[in-house]
Amino acid sequence: MPSQVKTPRFRKIQSFQLDYAPTTITQYESERTGMRVIVADREGPKINGYFALPTEILDDSGAPHTLEHLIFMGSKSYQYKGLLDKLAGRAYSSTNAWTAVDHTAYTLETAGWDGFAQILPVYLEHVMLPTLTDDACITEVHHIDGEGNDAGVVYSEMQGVQYGSSELMDLRARRLLYPEGVGFRYETGGMLESLRVLTNERIREFHKAMYRPQNMAVVIVGDADHEDLLRILDEFEESIKDDVPGLDAKFKRPFIDSLQPPALRQTYLETVEFPEEDESTGEILVAFFGPSCFDNIQATAVSIIMTYLCGSSVSVIENVMVEKEELASSVSWWWDARPNSIIWLQPTGVATEKLAFVEQRLMSLLKEVASNPLDMSYVKECIQRERRQNKFYAEGNEQYYSQNMITDYLFGNRDGSTLEEIQTMAEYDVLEAWTDEQWREFLRKWISDAHHVSILGKPSQSAAKKLKETEEARLAKRKQELGEEGLAKLAERLETAKKNNEKPIPPEVLDKWPVPKTDSIHFIESSTARSGKAKSLGVPNTSAQNTIDAAPQGLPLFIQYEDVPTNFVHLTVHIGTKDIPTKFKPLLPLFQGNFFNSPVMLNGSRVEFEDVVKQLEKDTISYAIGGAGRLGDSEGLAIQFQVEKEKYETMIEWLRTLMFDVIFDPVRINAAVTKALADIPEAKRDGRDMAYEVDTAIHFIPEAYNVARRTLVKAVYFRRLKKLLESEPDTVLSWFKDLSRSLFTFQNLRILVTADVEKLPNPVAAWDHLASAPGLDPTKDLVPITNPISILSSEGKTPGSFGSVIIPMATLESSFSVSTASGLSSYADPRLPAYLVALGYLEAVEGPLWTAVRGNGLAYGVGFNREVSGGYIQFRVFRSPDASKAIEAARTKVAKIASGEEPLDRHLVEGAMSGVVLSVADDQATMAAAAQQNFVTGVVRGLEAGWNRQLITRVRNVTADEIRKVMTDVILPVFTLGKSNVVVTCAPIMEEGMVKGLSTMGYKTQVRALSDFHEDYGLKGPEGEEEEDEDEYTDENGSGSEGSSGDESMED
């Protein structure tokens, strides 16, 4: 008899196509376990999987978060740490996970279906049947090292966030919003004091309670093979049926069958202090209960009314409190989508002495808005714009689907009725018919007249001092209690755990899964066409080029067209900064901030900035100006518009107006300066960013834009600029005019148009609106894009003489570092394929650096930058209990591999090669991304078409000798004395140990303050002006002290 083919035991709950995007959503349910499968089918090279579980807990133990980490340490059938990630790496995949207050999600991101299908059952077994060993808990969660310090991957992560202003304020707000017994109240990441006593048994209990197929949804966004998917899941369920509870087992649906949060019966106003040396600015957090996220009309109304209130510089709250009254640097909002949703409002950059006043002003302004007629024309514009934006996101953003599907699984109806609400956008039709009174009643009910929680975040030097003293006393007491014998036992136990965790994976185990072919990766193709000066790069032989050539021509602006089947137009204007006088470069952040927010001359009349913004919002889906890093040029600017194709020519007219008809208004410039100054203290609290900024100051010339835009420049320059604006406004205005003239020249503009080219009205000649602006000279040769090597300082060209610098920061509980050495300087370098494979090998999840650093609890993360043509390489340590130890562990590991002492792992090499394939798929995951990548490759980098595909082939041919050689010649120098410099930011308590660690490694060390890296670009303050900057940590001996120098002989 012929064999019977088993039919997968999944029933289809629903399948529907969105009426505003080419996407079909299908939901299945397992008849055996109750597991849900939700698929959004859409074309593209990437398959994105999310394995989501509601994870409710009623304590701060951190069990949900620690479990998220332990899942990757092995499963029942695959009891090897790192097997899952090694398999994923070879299958053009990457894995990750996150823990939120209400759920945990495990991600699988793959290029092509074949790789996804290969990893899926292995991954799901890790989720459902993890090993959860005591050894894994020690290294991944928390341990005490041989010196008596706390470490562990999760502990290091939470150490870096627990005492930050946002974390402290959010936690206090949730304590007031939710009573005991409601899961949203608790810190699922784990409080440090709880993580120190959390047991593996508690984690196992939590897994048993929450991790079952009945409580999991497999969410997939991409080009999925449904038949294959259901077959794989059916076989997976068969393999675990004896290890998981059946459908008849007692189970309460998390958050739904639990105690529900009661309505607030009063308004709370509390102050939360956070450790900070700079006490000048704080922030405010306000929370309101909102409507159910599944009341589609009410939920959408929240988004509309909040956009009306604080969506942009013309929204009433933002316009009054930020632009006019200058009480905050910004007022943002977001919401937690739940049956009892939370609406959050957050004014930032608030003067500390005005915190209480600003909170009162915010609440009185909300009541004032609700008491008077709304601007109904603007309300309708908000509705129409959000509708356009959602159509746009549905076309190009997979998270539009994953977020909706995960939220529906967490809280929605199991019959699929709530998920089906996203099929149409009918809610916008309903809201467009709402009257002024309906909107104001909605505002009164949920916000202006509602009880709420207000938290005033107040910076505190005393809190910083107390935190340091308390931590020092706690550690000293522990070390005394443990004694040398106790510490030695802990060190021995830790080494045993490391050894047990690092059990090698037999090659034959990994060989069971062959490297998938790339046939199932459906790369998005974008067809290139060029006009004007862009033709100097070559004229493509494409149908798009034929369309452009046949269209009426205009002045020879540099324009590259990318032809993709999109319903929208993406406009990008690349602008170089090379010709800007150096003294004006610190003005660029202000110039960008006001580019869309300044008055203009239009048809001979002055149009105020509010009307400019309103019209821009009416004409666009989105617009922005910022750095051109995503275009491969860290020294450039990029102006971007997303519009409907009918607005193509309108956007070109807007570009002309914004570039050449702007009015530089001292009031608007002053508002921008005030906002920027208010944001500086918060920016200077970020240890990672400050490490990068100091590294940038050391290794790049002051003429570089990435040096001039640093926070540590703004801190001095903007304060002095504000005073100059008061005393000599005409001088400042003349600077902005000169800056604008140096930016907007014919020869400095390179334009990218991404659209369905055949449907573009007047695609070429329409640009004459811009190209014919007075002062533009079409005969000038293009200004070359800045070669990144040209902006390196002398130390940047030959790093090593500076040594190391340690910057204590009171806001930190952990440490960050950046090490810099000379690197590759061209995409044409023949070592590039080996270099990319080597970096991928070293950085692989559960690869060499992962196990040497993160696996030993020395840092939450480490990695290299991916700069290829800049002439430098960087190694970065993120959230470490001691960055010097992380650097030394990484150096030792790289040296062993480079020398051949430690052989290359064949499977990791295959994974690194596949990782390059995944990065290529990432670069063209959407139509707009594929088009932009063509621009980056051909225009910015000057490479031939198809270069990325050629790279995939070249990477597959890289040899082991080439990998070791590039490690020796290019990578190892970043750890080498005399060839590299190191910047560390750390908690004050870590200063002494950091000096000792880096000195022992041989580095010349110095302890400096952030203010030592301020730069004023020649803008001097009035004679006798004090620095007014007291945000630096200084020890009893003052800042700028020299640490002990390393032994120079070690350089040999």
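**Close-up 1. Phe255 sits in the loop between H9 and strand S10 (268-275).** This is a predicted model, so every view here shows a prediction. Phe255 has a phi near 70 degrees, a positive value in a residue other than glycine. Is Phe255 buried or exposed? With a relative accessibility of 5%, Phe255 counts as buried.

**Close-up 2. Tyr92 is another residue with a positive phi, although it isn't a glycine.** For Tyr92 the angle is near 55 degrees. You'll find Tyr92 in the loop that runs between helix H2 (83-90) and strand S5 (93-99). Tyr92 has a relative accessibility of 3%, so it counts as buried.

**Close-up 3. Asp234 and Arg9 join up through their side chains in a salt bridge.** The N to O distance for this pair is 3.3 Å. The two partners come from distant parts of the chain, 225 residues apart: Asp234 belongs to helix H9, while Arg9 is in the segment before strand S1 (10-17). How well covered is each one? Asp234 is buried, at 7% relative accessibility, whereas Arg9 is partly exposed, at 29%. Zoom out a little and the pair turns out to be part of a network of salt bridges that links Arg9, Arg32, Asp234, Glu237, Glu238 and Lys241.

**Close-up 4. Arg11 and Glu29 form a salt bridge between their side chains.** Here the N to O distance is 3.0 Å. Which strands does the pair link? Arg11 is in strand S1 and Glu29 is in strand S2 (residues 24-30), with their positions 18 residues apart in the chain. Arg11 counts as partly exposed, with a relative accessibility of 38%. Glu29, on the other hand, has 18%, and since buried means under 20% relative accessible area, Glu29 falls on the buried side of the cut-off.

**Close-up 5. Asp59 pairs with Arg202 in a salt bridge.** The closest N and O atoms of the two residues are 3.1 Å apart. Once again, distant parts of the chain are brought together, with the partners 143 residues apart. Asp59 comes from the loop between strand S4 (46-54) and helix H1 (63-70), and Arg202 comes from helix H8 (residues 200-210). Asp59 is partly exposed, at 23% relative accessible area, and Arg202 is partly exposed too, at 25%. How many salt bridges turn up in the whole structure? A search finds 67.

**Close-up 6. A patch of negative charge gathers on the surface.** Its members are Glu43, Asp114, Asp223, Asp225, Glu227 and Asp519. Take Asp223 as a way in: this residue is in the loop between strand S9 (217-222) and helix H9 (226-240). Asp223 counts as partly exposed, with a relative accessible area of 30%.

**Close-up 7. Ala912 is packed away in helix H33 (residues 906-923), where it counts as buried.** The relative accessible area of Ala912 is 6%. Now look for Tyr841. Along the sequence, Ala912 and Tyr841 are 71 residues apart, yet in space their C-alpha atoms are separated by 5.1 Å.

**Close-up 8. Phe935 belongs to helix H34 (residues 927-940).** Phe935 has a relative accessibility of 1%, so it counts as buried. How far is the C-alpha atom of Phe935 from that of Arg750? The two are separated by 9.9 Å, although their positions lie 185 residues apart along the chain.

**Close-up 9. Two stretches of the chain carry domain names in UniProt.** According to the unreviewed UniProt entry, "Peptidase M16 N-terminal" covers residues 60-144. In the model, residues 60-144 are 46% helix and 21% strand, and the C-alpha atoms at the two ends are 20 Å apart. The unreviewed entry also places "Peptidase M16 C-terminal" at residues 198-384. For residues 198-384, the make-up is 41% helix and 21% strand, with the end C-alpha atoms 50 Å apart.

Notes
Residues numbered from 1 in each chain as written. Predicted model: local features only at pLDDT ≥ 70, side-chain atom pairs only at ≥ 80, totals over all residues. Heavy atoms only, no water. Patch = residues over 30% accessible without salt bridge, like charges linked within 9 Å, V, L, I, M, F, W, Y side chains within 5 Å. Areas by Shrake-Rupley, 256 points an atom, 1.4 Å probe, with all protein chains shown as cover. Salt bridge = Lys/Arg side-chain N within 4 Å of Asp/Glu carboxyl O. Lys, Arg positive; Asp, Glu negative; His and termini not counted. Charge placed at Lys NZ, Arg CZ, Asp CG, Glu CD. Helix = DSSP H or I, 4+ residues; strand = E, 2+ residues; numbered from the N terminus. Buried < 20%, exposed > 50% of the residue type's maximum accessible area, 1.4 Å probe, protein only. UniProt positions renumbered as here; feature names shortened; annotations may be inferred.
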